[in-house]
Amino acid sequence: MAKPVFVSELKSKPLLGLKRWQSEDQYPDEAQLRAECEQYMAEFNSREKLKMQHDKEMAENPDEDGWIMVTRSSKVCATAEQAEERKRQYDEKLEKKKKEILHLYSFQDREKRKQSLVELKRKFQEDKDKISKMKAARVFRPL
């Protein structure tokens, strides 16, 4: 068992509390952190690549019993250009959708639907009147 140390016996007082916290290095060096992150991501990418190759082999080749593993493949882009293109298309789709939103409130949509129904009924009535006039103008002409 270690012998207890009393602060009063020490030659210099240790830093405690806020002063100790301020004196310690809170953040690692940026270059060191970047190198560690890049190393980790390189290892991660290589592991993922190996995993994808293994899954692809398992999906293509039957095992010793003759079974083929069924896998779910997602739409993973092969290149960065394809990923950028897909993102650009998605952004364009969102922009188009934002522009299409005409009415912010639901009552505006209801009013628009009512107006379109009134317009359809009016056109229907006009067509009915036109047909009745055409029928009235028709004259029976026996041979």
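Here are some worked exercises on the predicted model shown above.

**Exercise 1. The overall fold**

Task: Work out which secondary structure elements the chain contains, and in what order.

Solution:
- Start with the count: the chain has four helices and zero strands.
- Then read along the sequence, where the pattern is α-α-α-α.
- Next, turn to the overall spread. The radius of gyration is 38 Å, well over the 15 Å that the globule rule gives for 143 residues, so the chain is more spread out than a compact globule.
- Finally, look at the extents: along its principal axes, the C-alpha trace spans about 130 × 60 × 35 Å.

**Exercise 2. Surface and burial**

Task: Find what percentage of the 143 residues is buried, and how much area the chain exposes.

Solution:
- A residue needs under 20% relative accessible area to be called buried.
- With that cut-off, buried residues make up 0% of the 143 residues in the chain.
- As for area, the chain exposes about 15200 Å². Carbon and sulfur atoms supply 57% of that exposed area.

**Exercise 3. Charges**

Task: Count the positive and negative side chains, and say how far apart the centres of the two sets lie.

Solution:
- The tally is 33 positive and 28 negative side chains.
- The centres of these two sets are 14 Å apart.
- Side chains of opposite charge can pair when their charged atoms come close.
- To count such pairs here, take a side-chain nitrogen of Lys or Arg within 4 Å of a carboxyl oxygen of Asp or Glu. The count comes to six salt bridges.

**Exercise 4. A salt bridge in helix 3**

Task: Describe the contact between arginine 88 and glutamate 85, and place both residues in the chain.

Solution:
- Begin with the distance: the two side chains form a salt bridge, at 2.4 Å from N to O.
- Now place the partners. Arginine 88 and glutamate 85 are three residues apart in helix 3 (residues 80–100), which means that about one helical turn separates them.
- Check the accessibility of each. Arginine 88 is partly exposed at 38% relative accessibility, and glutamate 85 is partly exposed at 32%.

**Exercise 5. Arginine 122 and its partners in helix 4**

Task: Which glutamates meet arginine 122 in salt bridges, and where do they lie along the helix?

Solution:
- On one side in sequence, glutamate 119 meets arginine 122 in a salt bridge of 2.2 Å, N to O. Both residues lie in helix 4 (residues 106–137), three residues apart, which is about one turn of the helix.
- The other partner is glutamate 126, whose salt bridge to arginine 122 has an N to O distance of 2.5 Å. Glutamate 126 and arginine 122 are four residues apart in helix 4, so about one helical turn lies between them.
- Accessibility completes the picture: glutamate 119 is partly exposed at 31%, arginine 122 is partly exposed at 39%, and glutamate 126 is partly exposed at 42%.
- Shared partners also link salt bridges elsewhere: Glu85, Arg88 and Glu92 are joined into one network.

**Exercise 6. A nonpolar patch**

Task: Name the residues that make the nonpolar surface patch of about 350 Å², and place phenylalanine 107.

Solution:
- The patch is made by Leu104, Tyr105 and Phe107.
- Phenylalanine 107 belongs to helix 4.
- With 39% relative accessibility, phenylalanine 107 counts as partly exposed.

**Exercise 7. Distances across the chain**

Task: Locate asparagine 61 and cysteine 37, and give a C-alpha distance from each to a residue elsewhere in the chain.

Solution:
- Asparagine 61 sits in the loop between helix 2 (30–60) and helix 3, and its relative accessible area of 44% makes asparagine 61 partly exposed.
- From asparagine 61 to glutamate 36, 25 residues apart along the chain, the C-alpha separation is 37 Å.
- Cysteine 37 is part of helix 2, and cysteine 37 is partly exposed at 41% relative accessibility.
- From cysteine 37 to lysine 133, 96 residues apart along the chain, the C-alpha atoms are separated by 83 Å.

How values were computed: Residues numbered from 1 in each chain as written. Predicted model: local features only at pLDDT ≥ 70, side-chain atom pairs only at ≥ 80, totals over all residues. Heavy atoms only, no water. Helix = DSSP H or I, 4+ residues; strand = E, 2+ residues; numbered from the N terminus. Rg over C-alpha atoms; globule rule 2.2 N^0.38 Å. Buried < 20%, exposed > 50% of the residue type's maximum accessible area, 1.4 Å probe, protein only. Areas by Shrake-Rupley, 256 points an atom, 1.4 Å probe, with all protein chains shown as cover. Lys, Arg positive; Asp, Glu negative; His and termini not counted. Charge placed at Lys NZ, Arg CZ, Asp CG, Glu CD. Patch = residues over 30% accessible without salt bridge, like charges linked within 9 Å, V, L, I, M, F, W, Y side chains within 5 Å.
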